[in-house]
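Reader: I am new to this structure and should like to understand the terms applied to it. Please show me the entry, and then take my questions one by one.

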Amino acid sequence: MSGQSLSVPALARGTPPRRLGLPRNLGAARRFVVPVLLLLLWQLAAQSGLVSTRLLAPPSAIAAAAWQLIASGELGYHLAVSLQRVAIGLSIALVAGVSLGLLAGLSRLGEDLVDATLQMLRALPFLALVPLLILWLGIGEATKIALVALGAAFPIYLTLFGGIRGVDPKLLEAGRVFGLSRAGVIRHIILPGALPQALVGLRYALGTAWLSLVVGEQINATAGIGYLVMDAREFLRTDIILVGLAIYALLGLGADQLVRMIERKALAWRPSVLGER
Amino acid sequence: MPDPVLRLSRFTRRFHGPAAPPVLDRLDLTIPAGEFVALLGRSGSGKTTLLRTLAGLDPVTEGTASLPARRAVVFQEPRLLPWKPVWRNVALGLPGEAAVTRQRALAALQEVELSHRATAWPLTLSGGEAQRVGLARALVREPELLLLDEPFAALDALTRLRMQSLVGELWQRHRPAVLLVTHDVEEALLLADRVLVLAAGRLVEDLAVDLPRPRRRAAAAFDTLRVRLLATLGVDENGHDATARAA
Ligand SMILES: Nc1ncnc2c1ncn2[C@@H]1O[C@H](COP(=O)(O)OP(=O)(O)OP(=O)(O)O)[C@@H](O)[C@H]1O
Ligand SMILES: [Mg+2]
């Protein structure tokens with residue numbers, strides 16, 4: 001709207017200055033300039049023999065390997081196995097994290113019983129439990145799923161509990177004055193008030209879920225993206241290893257987008273979300 | 001004289017245990033139905049403490065209080081639920097069918113001239129609009145006693161003037177008994193039938209304001225009352241602390 005010259009009052013009013021260079025709608029494309037350049041360099045380095053293709057497959061080989069894995073249905077199969085582990089693990093984490101979070105958040109008794117215990121357990125890095133889990137659950141699916149569930153349950157519990165306790169007491173008071181019952185206060189004030197925090201926890205939980213999956217799938221798996229990677233290592237197939245890594249990255253990204261989408265819908269009232277429109 | 005909606009007798013409130021000095025000390029207060037009462041007092045004199053008890057937020061431990069069943073509060077901050085659109089905030093906690101409460105909420109919003117913002121998110125409202133929603137949320141309950149805790153304190157001077165006349169109009173239309181806590185002597189004299197001053201835990205002034213409505217600040221009688229109230233509050237006309245100067 002305002003001209004190209006940036007007058008001082010315009011700046012003082014906080015009008016964002018126009019960036020120089022690429023026009024605005026190319027702003028998103030601009031972010032990919034450096035990654036694409038890096039890929040090109042990588043490819044060139046491999047073709048010129050600067051980097052051994054045995055140790056690091058070039059992007060072209062990775063793409064070819066990916067295509068092969070897709071065409072043969074192998075990738076789809078292993079992906080489905082991995083996704084299933086995450087889905088089951090996350091579901092368990094959600095049920096456990098949400099019910100314990102509600103129990104501790106909504107009642108003092110619940111807090112005394114649950115919170116202190118969980119805070120102690122939280123001090124333990126959950127990946128350190130792998131040897132015990134293997135002893136208890138064996139090296140099959142149960143261990144992998146338990147690992148995902150353990151990793152994801154804590155962030156869900158912690159943020160939900162914190163979110164519930166962080167609800168503005170002035171709003172709780174207003175609810176009481178305007179005649180809400182305890183159930184009404186929980187439903188109309190406490191739960192929606194805790195939701196932003198809880199969604200941060202969900203995003204974090206998804207992150208740890210992938211991490212647990214990576215670790216879990218390196219334990220004697222016979223299927224899954226992790227198995228694909230470990231198997232490829234035996235045959236020095238760095239192209240397949242890199243395909244596996246890319247899949248992990250894409251899954252992580254997809255999960256993040258999913259939570260963002262939920263946030264946009266569920267937290268439409270927040271000014272930061274309003275501003276994005 | 002109409003029946004009182006509110007009766008406090010020897011009401012005492014202490015924080016920090018029964019031996020602590022009281023913030024409110026054996027207060028007696030009766031407010032008849034439909035009367036507009038303003039409560040003045042220095043910062044920390046216990047105005048909010050009194051109002052919280054009348055709202056039912058704090059228990060009565062010493063003395064007795066009889067309160068009407070239908071009470072409503074407008075707080076100093078709007079205290080709207082940011083995750084509910086404006087009209088749902090107004091309808092919050094109303095008993096009855098959804099369609100009916102929605103109609104009532106919309107009617108209340110119309111009274112505060114905010115129909116066009118009924119579906120907006122509270123965080124997009126201006127300070128004055130948010131306070132008007134707070135007012136609508138109180139009005140929709142058809143209170144017998146309306147408690148206002150410095151509802152205009154955070155607003156700019158012009159918005160405050162508009163809000164004051166809005167409150168005056170709404171009171172004349174619905175006739176709840178009102179207890180308005182304020183720091184502003186002129187605001188009290190513009191709106192109230194009766195002005196109370198709270199100091200050291202006691203009501204040290206109970207002044208009937210018999211000026212014709214609508215009131216004019218320029219009127220001589222208005223000024224006389226203003227000077228008198230300022231003196232009770234310990235402030236002289238130029239805003240200096242009279243007690244401090246005397247010392
Ligand atoms: N929950 C509490 N615990 C301890 N002391 C309190 C509590 N609430 C209020 N007080 C004390 O009671 C006194 C009266 O406080 P109150 O908030 O009623 O004052 P006020 O007249 O509303 O002041 P202001 O005009 O600044 O709002 C103050 O000394 C305050 O510190
Ligand atoms: Mg106060």
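Author: Let us begin with the two domains of chain B: 14 residues of domain 1 of chain B are in contact with 12 residues of domain 2 of chain B, where contact means heavy atoms within 4.5 Å. This is a predicted model, in which local features need pLDDT of at least 70 and side-chain atom pairs count only at pLDDT 80 or more, while totals for chains, interfaces and linings use all residues. Residues are numbered from 1 along each chain as its sequence is written, chains are lettered from A and ligands numbered from 1 in the order in which they are written, and side-chain values use heavy atoms, with hydrogens and water left out.

Reader: How do you know where the domains of chain B lie?

Author: The bounds come from an automatic or database domain assignment. That assignment gives domain 1 as 4-70 + 144-246 and domain 2 as 82-142 in chain B. Taken over C-alpha atoms, the centres of domain 1 of chain B and domain 2 of chain B are separated by 26 Å.

Reader: What makes the pair B:Asp58 and B:Arg13 a salt bridge?

Author: A salt bridge requires a side-chain nitrogen of Lys or Arg within 4 Å of a carboxyl oxygen of Asp or Glu. The closest N and O atoms of B:Asp58 and B:Arg13 are 3.6 Å apart, so the pair meets the definition. The two residues belong to distant parts of the chain, 45 residues apart: B:Asp58 is in the loop between α1 (47-55) and β4 (62-66) of chain B, and B:Arg13 is in strand β1 (residues 4-13) of chain B. Helices (H or I, at least four residues) and strands (E, at least two) are DSSP runs, numbered from the N terminus.

Reader: Why is B:Asp58 called buried?

Author: Buried means under 20% relative accessible area, exposed over 50%, and partly exposed in between (1.4 Å probe, protein chains only). B:Asp58 has 12% relative accessibility and therefore counts as buried. B:Arg13, with a relative accessible area of 12%, is buried as well. B:Asp58 and B:Arg13 also belong to a network of salt bridges that includes A:Lys170, A:Glu173 and B:Arg52.

Reader: What makes A:Arg203 and A:Asp256 a salt bridge?

Author: Their side chains meet at 3.7 Å, N to O, and the pair therefore satisfies the cut-off. This pair links distant parts of the chain, 53 residues apart, with A:Arg203 in helix α10 (residues 182-216) of chain A and A:Asp256 in helix α12 (residues 238-266) of chain A. A:Arg203 is partly exposed at a relative accessible area of 25%, and A:Asp256 is partly exposed at 22% relative accessibility. Over all chains, the structure holds 26 salt bridges.

Reader: How do you know that B:Asp206 and B:Arg194 tie together separate parts of the sequence?

Author: The side chains of B:Asp206 and B:Arg194 meet in a salt bridge of 2.9 Å, N to O. B:Asp206 lies in strand β9 (residues 202-208) of chain B and B:Arg194 in strand β8 (residues 194-199) of chain B, so the pair ties together parts that are 12 residues apart in sequence. B:Asp206 is partly exposed at 47% relative accessibility, whereas B:Arg194 is buried at 13%.

Reader: What makes the space in this structure a cavity?

Author: On a 1 Å grid over the protein atoms alone, a cavity is a set of points where a 1.4 Å probe fits but cannot get out, and lining residues have an atom within 4 Å of a point. The search of the whole structure finds 1 cavity of 30 Å³ or more. About 50 Å³ of space lies in the largest cavity, a volume being the space filled by probe spheres set on the points, which are joined across faces, edges and corners. Its lining includes B:Phe36, B:Leu135, B:Trp171 and B:Pro176. The largest share of that lining, 3 residues, comes from α5(B).

Reader: Which classes of residue make up the lining of the largest cavity?

Author: Ala, Val, Leu, Ile, Met, Phe, Trp, Tyr, Cys and Pro count as nonpolar, Asp, Glu, Lys and Arg as charged, and the others, Gly among them, as polar. By this division the lining has 9 nonpolar, no polar and no charged residues.

Reader: Why is B:Glu113 called partly exposed?

Author: Its relative accessible area is 47%, which lies between the two cut-offs, and B:Glu113 is therefore partly exposed. B:Glu113 also has a positive phi of about 60 degrees although it is not a glycine.

How values were computed
1 Å grid on protein atoms, 1.4 Å probe; cavity = no way out; pocket = protein on both sides within 12 Å on 5 of 7 lines; lining within 4 Å.
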